[in-house]
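Please find below my notes on this model, set out as numbered points for you to read alongside the coordinates. They begin with one residue and its neighbours and then move to broader matters of packing and contact.

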Amino acid sequence: MIRLRTFDLGLSATLTLLGIYIVSQGMNYGYQDGSVPAAGFFPFWIGGGLALFSALNFIKMLRQSGLAGAVDRTEVARVGLVSLAIGGFVVLSGFIGMIAAAVLLMVAIGAIFGARDIRSLMAVSAIAVAMAGVLYLVFGLVLAMPLL
Amino acid sequence: MFESWQLLAQGLAAASQPTVLAAIMVGAIIGLFIGALPGLGPTAGVAILLPVAVSFDGTAAIAALGAVYYGAQYGGAVTAILLGIPGDASATMTVIDGHKMARNGKAGAALGLSIAASFIGGLIGLVLLTAFATTIAKAAIAFGPIEMTALMVFSLSLVSVLGGRDLNKAMISLFLGLFIGTIGLDPMVGLPRFDFGEVRLFDGIEFSIIAVGLFGLAEMYATPPSTGAHDDSGRFRFRELLPDVRSTLQCWRELGSGSLIGFFVGILPGAGATAATMISYAFAKRTSKHPERFGNGAMEGVAAPEAANNSAAYGNMIPMFALGIPGSGTTAVLMGGLLMIGLQPGPMLFQTQSEFVWTIFGSFYIGNLALVAITILLTPILASCAFVRPSYLFPAVIAIIAFGIYGINNAMFEVVLVIGFGLLGYLMMKLDYPPVPLVLGMILGPILERGIRRTLVASDGDLSVFFRSPIAIGIIVVTVVLLVSPWLVSQRTRRRAAAIAK
Amino acid sequence: MERLKTRNGLKRRALLAYGATLLALQPMLSMTAQAQDYPAETMNYVVAFGVGGGSDIIARTMAKVIDDKKLIPVKMLVENRPGGSGAIGYSFINAQKGNPYYLGGVGVSFFTTPLLGKMPLSHRDFTPLAAIARSPYILAVTADSDIKTIDDIKTATGLTIGTAGAVSDPALLAHLLNKELGASIKVVPFDGEGEVMAAVLGKHLDLLFGNPNEILEQVNAGTMRALAVTSAERMTSLPDVPSFSELGHDIVHTQLRGIIMPKDVPAEAVTYWEGVLKTVAESPEWRAQYVDRFNEIPLFLNSREFGEEIVATSARYEALMRELELIK
């Protein structure tokens with residue numbers, strides 16, 4: 001179990017830094033051009049606002065426990081695995097083509113979401129192959145997209 | 001007025017020719033289908049069909065393209081409700097309560113309500129379009145940079161209504177959205193901003209990437225895996241798959257207000273439709289006796305934005321047909337279609353091509369009726385999706401997402417972005433950061449920035465011009481009332497409570 | 001030999017009337033093609049922008065004319081690769097180095113995106129084939145405006161002009177106008193022609209440089225008045241509107257509708273396409289379906305002439321972007 005408060009502290013801190021980065025970039029782009037706002041005008045205020053509210057949230061989280069809940073480690077692992085699976089699809093598409101990569105992606109996603117025994121895996125594989133056919137038909141043929 | 005209806009009657013007759021009818025049906029079904037695919041919205045739908053359509057007869061081509069546009073609006077609601085993914089920025093608000101309803105086992109009722117809302121919104125929008133197209137076009141151009149700035153300030157202030165429990169987190173989400181909106185080439189000088197050396201970011205980040213990541217993937221991440229044989233999510237009653245007429249009628253007030261707000265805000269070029277859904281949702285929540293139900297599966301929360309975005313679609317066509325000014329990405333592509341078949345939209349179109357225009361309007365009425373029939377028949381089948389266990393449903397959905405997002409620019413770069421926004425969305429969901437303000441900021445921020453900067457370039461930095469436009473002053477007053485009134489109300493109830501306590 | 005034959009054919013064609021010439025030339029063109037085995041594969045026209053936009057309409061209309069007249073023995077596909085302000089599409093074409101089966105169109109960002117230094121390519125990384133039409137810009141005001149002539153602009157104060165895009169033809173022209181007239185018109189960039197038109201019609205702006213097509217529509221409807229055109233001569237569709245040069249102002253800038261190929265394609269391919277595109281440019285179909293429909297000026301420039309124009313246009317943009325401090 002990971003406490004949500006830890007996550008929130010991390011996110012607020014990151015966003016505070018992002019806000020500061022946006023402000024500094026805004027200054028680089030130029031705040032004003034004569035009497036007229038320039039490219040950095042909006043980023044300057046946006047970054048400032050983001051940094052301010054994120055810092056406020058950070059302080060609030062430090063002071064009080066705020067979010068009491070926690071996340072299961074398995075859920076975090078699942079988030080990571082799904083992201084990896086989609087990332088794998090992106091990489092594999094370049095080698096084996098999008099359709100074949102999509103079959104693997106779908107089986108992987110099915111397994112991540114609970115299809116672990118042979119029967120469910122068979123079912124997911126069948127769905128994946130059928131779905132790949134549909135994807136090819138819809139995106140490749142009907143919508144005429146240049147698939148990899 | 002009367003003349004309009006006479007012309008419409010002729011238009012309806014002309015649109016009933018077999019070729020045009022066939023075009024409407026094909027367009028409507030393709031639109032419905034593309035709108036339902038996550039990642040592809042009405043703009044993509046019209047763009048995909050355009051090259052094929054223009055090779056046919058002109059009237060049939062535009063009737064088909066129009067049908068794709070409003071068909072996609074119906075389809076977008078399906079994905080928003082069943083999967084929690086807004087297919088288009090204007091479907092974002094439908095996700096909030098629609099998807100909650102589906103998760104509470106009321107998928108059929110939510111879909112039925114969205115169909116009814118789409119139809120009523122569409123019909124009201126159409127009637128207004130028919131009656132006032134040429135006169136109302138003037139209202140659209142009354143909104144220059146100054147007035148747009150004021151309207152955007154007002155829309156962004158809606159974060160106070162749409163923000164959820166923790167206002168501070170809502171503001172973080174809003175500012176994050178505003179930041180995402182600045183990515184790409186600066187609109188005023190062409191300087192690349194926050195591109196991180198990547199040319200693919202020059203045109204900014206496509207909304208559907210944010211929508212799919214922030215809403216769709218995040219939602220799936222947080223869903224517990226199915227536990228195999230003991231899964232009971234497959235059990236449901238057939239009645240839950242059917243639309244619920246009685247509760248739909250109960251939302252008549254939201255349907256009406258949503259349609260009107262949608263139409264009038266939708267006329268304004270820019271993000272009219274999205275702003276309209278947000279304003280109508282906020283209006284419904286504000287005027288509701290039970291605002292706490294909003295966000296937890298309130299019927300009204302589906303009715304208002306769905307009516308608004310369908311009505312806005314027709315409002316949006318007014319500047320295109322009457323002035324030759326496309327008010328949104330979709331109408332810009334649609335206008336490309338008109339140009340390709342040899343028609344120049346603009347003030348002369350109603351005079352020189354009157355028959356064509358009215359046939360197209362007629363086809364819109366027919367198309368909307370057809371869509372209601374099609375979608376109601378499909379509702380039980382679609383609604384049963386909500387009961388498919390994740391281990392079977394998610395693989396298919398994620399694969400469709402990957403292909404749909406790839407299809408935006410035929411590139412994998414966008415798919416990688418989706419993964420990132422999925423992670424962000426998951427964190428935001430777990431940590432109670434509301435996602436709607438992010439969408440609000442991302443869509444409306446760029447319009448606000450353009451408004452402010454255009455105004456100040458034209459006035460040489462003189463801020464007082466904002467207070468010389470009556471429309472802008474009016475909008476700012478409404479904004480102030482919106483922001484201050486809840487505070488005043490709470491003060492009064494506190495005082496009253498104190499008085500009673502004494 | 002084959003090249004000579006095509007050249008001769010084209011010269012002869014110019015002397016004859018349209019119909020007869022086309023009939024005479026067609027077998028010759030396809031003969032040339034057969035002899036060289038080019039083109040033997042499907043031609044791909046890559047549009048660096050979305051469907052329904054200006055570049056897309058040119059591509060599809062051209063493809064349709066080529067197809068209807070059977071000018072090439074193979075199919076021609078139009079493919080959209082939008083993104084990165086044209087950078088994605090142009091990089092894609094460039095990646096097909098030496099491959100004469102890819103074509104592309106030239107738009108404003110063909111010049112400006114490389115100049116921003118964000119695309120490691122420039123116009124020198126492509127082979128110009130030909131230009132097949134020319135589109136001038138028209139300076140216009142609303143019909144009830146106090147500005148009646150160019151001279152009125154000089155005396156008026158606090159004028160504003162809307163441009164479609166920060167770095168674009170209208171922006172370039174607006175800055176030229178200021179320079180030529182010694183005026184200080186404020187240049188307000190918008191995102192597209194439609195937005196500018198809306199702002200001018202709504203009286204939020206005073207002036208705009210528009211496409212003939214959209215301006216004519218408004219002029220015919222009586223809502224706008226054209227002041228001057230940016231082509232060297234008057235336009236046939238607006239005989240009463242003077243050109244800037246005729247008024248003594250050095251503002252001549254038109255948008256060329258040109259076609260390019262990747263770098264290092266065989267010279268035969270360039271010659272072949274010069275021939276095909278000349279036939280297109282001079283065909284009544286192209287005139288009717290594109291030039292007249294969008295009120296543009298008929299034109300044909302061969303590879304060399306078009307190449308020279310590209311260099312000149314790029315220099316003009318570079319000067320503008322330096323002035324705007326977008327490049328140092």
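1. This is a predicted model, and a convenient place to begin is B:Ala402, which touches A:Ile86, A:Phe89, A:Ala102 and A:Leu105, as well as B:Val415, when residues up to four places away in sequence are not counted.

2. B:Ala402 is also listed among the residues with the most contacts inside the largest nonpolar core, a set of 333 residues, and that list further includes A:Ala102 and A:Leu105 together with B:Ala64, B:Leu65 and B:Leu440. The largest share of this core comes from helix α6 of chain B (residues 107-141), which supplies 18 residues.

3. The contact between chains A and B takes 52 residues from chain A and 50 residues from chain B. On the chain A side, the elements giving two or more residues are the helices α1 (4-29), α2 (41-63), α3 (73-96), α4 (98-112) and α5 (118-142), along with the strand β3 (36-37). By residue class, this side of chain A divides into 38 nonpolar, eleven polar and three charged residues.

4. Chain C is divided into domain 1, made of 2-135 and 254-323, and domain 2, which covers 138-229. The contact between them takes twelve residues from domain 1 of chain C and nine residues from domain 2 of chain C.

5. On the domain 1 side of that contact in chain C, α5 (108-115) and α12 (303-323) are the elements that give two or more residues, and α12(C) gives the most, with five residues. The residues on this side of domain 1 of chain C comprise five nonpolar, four polar and three charged.

Definitions and conventions. Residues are numbered from 1 along each chain as its sequence is written. Chains are lettered from A and ligands numbered from 1 in the order in which they are written. This is a predicted model: local features need pLDDT of at least 70, side-chain atom pairs count only at pLDDT 80 or more; totals for chains, interfaces and linings use all residues. A nonpolar core is a set of buried Ala, Val, Leu, Ile, Met, Phe, Trp, Tyr and Cys residues joined through C-beta atoms within 7 Å. A residue is buried if 20 or more other C-beta atoms lie within 10 Å of its own, exposed if 12 or fewer, and partly exposed in between; C-beta atoms are placed from the backbone. Helices (H or I, at least four residues) and strands (E, at least two) are DSSP runs, numbered from the N terminus. Two residues are in contact if their C-beta atoms, placed from the backbone, lie within 7 Å. Domain bounds come from an automatic or database domain assignment. Ala, Val, Leu, Ile, Met, Phe, Trp, Tyr, Cys and Pro count as nonpolar, Asp, Glu, Lys and Arg as charged, and the others, Gly among them, as polar.
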